[in-house]
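Here is a set of questions and answers on one protein chain. Please look over the sequence and the model before reading on.

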Amino acid sequence: MATYYADVFQGPNPFMQNPSGGVISVLGKVVIPAGTAVATGDVLKLLKLPAGCYPIKVRQWNNAWGTAVPGTFGFATAGAGYISADVDLDTARATTPKTYINEGTADAGGNAETAFATNTGALAAVDTLQVTVGTVTSGTAAGEKYLTFFFEFIDLNSAKAANPGYTYNGFSSLVAGVSS
């Protein structure tokens, strides 16, 4: 069993925070080098998450990793299959992502969305967003494999999470000097 780490595994940087109340968006990528095939039980560690993280949405882009490469998308502690118990890394999603959303099934943008396998509240403790590779029957070592992800969450510990704000004509009510 091997462990692979995304380029943003150490955590989101503070400049990723949206001024609209603690909403954080993170874009990251994990790469499996050419000549390496993933195996059953391999873990892709994507992102460290704080206690109080309320997951909103995950988007996944990847190339094909073989012809039978299943997995689960979730959290190291809260549950391996919380987001999805059926991640198909053998299906290429180069331009149209697979989208998972907490407490929902569709968006106005026309992207097909899948509800999280378990509607989850805020994480009670520090955790890790990860993919655990299932029983691989036909993975490939040829070429580089990648999984790019976009994860959006609310940090309920943020000072701004307790102060609802709005944005109007490009101005935030949470910025000093802007009257509301």
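The turns below go from the whole chain to its sheets, its core and a few single residues.

Q: How many helices and how many strands does the protein chain have?
A: The model is a predicted one. From the N terminus on, every element in the run is a β element. The count for the protein chain is zero helices and 14 strands.

Q: What share of the contacts with a separation of 6 or more lies between residues 24 or more positions apart?
A: The contacts considered are those in the protein chain whose partners have a separation of 6 or more. Among these, the share that joins residues 24 or more positions apart is 78%.

Q: What percentage of the protein chain is buried?
A: A residue counts as buried when its relative accessible area is under 20%. The protein chain has 180 residues, and the buried share of them is 42%.

Q: Which strands are the edges of the sheet with the order β2-β12-β4-β8-β9?
A: This sheet is open, has five strands and shows mixed pairing. Two of its strands pair on one side only. The twist from one strand to the next averages 25 degrees. The edge strands are β2 (23-32) and β9 (113-115).

Q: How many bridges join β4 to β12?
A: Strand β4 covers residues 53-62 and strand β12 covers residues 145-155. The two run antiparallel, and Y54 has I154 in β12 as its bridge partner. The number of bridges joining β4 to β12 is nine.

Q: Why is one side of β1 and of β7 left without a neighbour in the sheet?
A: The open sheet here has five strands in the order β1-β3-β10-β6-β7, with mixed pairing. β1 (3-5) and β7 stand at its edges, so one side of each has no neighbour in the sheet. From one strand to the next, the twist averages 25 degrees. What β1 and β7 each have is a single partner strand.

Q: Which residue in β10 stands opposite K45?
A: β3 and β10 pair in the antiparallel sense, over six bridges. The residue of β10 that stands opposite K45 is Q130.

Q: How many residues lie between β6 and β7 in their hairpin?
A: Strand β6 (residues 70-75) and strand β7 (residues 79-88) run antiparallel and are joined by four bridges. G71 stands opposite V87 in β7. The two strands form a hairpin, and the number of residues between them is three.

Q: Which residues touch the most other members of the largest nonpolar core?
A: The largest nonpolar core has 32 residues. At least two of its residues come from each of β2, β3 (43-49), β4, β6, β7, β10 (127-133) and β12. The residues that touch the most other members are L46, L49, F73, L129 and F151.

Q: Is N62 buried or exposed?
A: N62 has its place in strand β4. Its relative accessibility is 0%, and the limit for a buried residue is under 20%. N62 therefore counts as buried.

Q: Which backbone oxygen does the side chain of N62 reach at 3.0 Å?
A: The side chain of N62 also makes a polar contact of 2.9 Å with the side chain of Q60. Beyond its neighbours within four places in sequence, N62 is in contact with D88, L89, T91, A92, R93, A94, Y146 and L147. The backbone oxygen reached at 3.0 Å is that of T91.

Q: What is the relative accessibility of L89?
A: L89 is found in the loop between β7 and β8 (93-101). Leaving out residues up to four places away in sequence, L89 touches Q60, N62, N63, A64, W65, V69, V131, V133 and L147. L89 counts as buried, because its relative accessibility is 0%.

Q: How far apart in space are the C-alpha atoms of L89 and Y146?
A: L89 and Y146 are 57 residues apart in sequence. From C-alpha to C-alpha, they are separated in space by 9.5 Å.

Q: What separates the C-alpha atoms of S25 and F153?
A: S25 has its place in strand β2. S25 is partly exposed, at a relative accessible area of 26%. S25 and F153 are 128 residues apart along the chain, and their C-alpha atoms are separated by 6.6 Å.

Note on methods. Residues are numbered from 1 along each chain as its sequence is written. This is a predicted model: local features need pLDDT of at least 70, side-chain atom pairs count only at pLDDT 80 or more; totals for chains, interfaces and linings use all residues. Side-chain values use heavy atoms; hydrogens and water are left out. Two strands pair if DSSP finds at least two bridges between them. Axes are lines fitted to C-alpha atoms, for helices over the stretch in contact, and angles run from 0 to 180 degrees between N-to-C directions. Buried means under 20% relative accessible area, exposed over 50%, partly exposed in between (1.4 Å probe, protein chains only). A polar contact is a pair of N or O atoms within 3.5 Å; within protein, one must be able to donate a hydrogen and the other to accept it, and residues adjacent in sequence count only if both atoms are side-chain atoms. Contact means heavy atoms within 4.5 Å. A nonpolar core is a set of buried Ala, Val, Leu, Ile, Met, Phe, Trp, Tyr and Cys residues joined through side-chain atoms within 4.5 Å.
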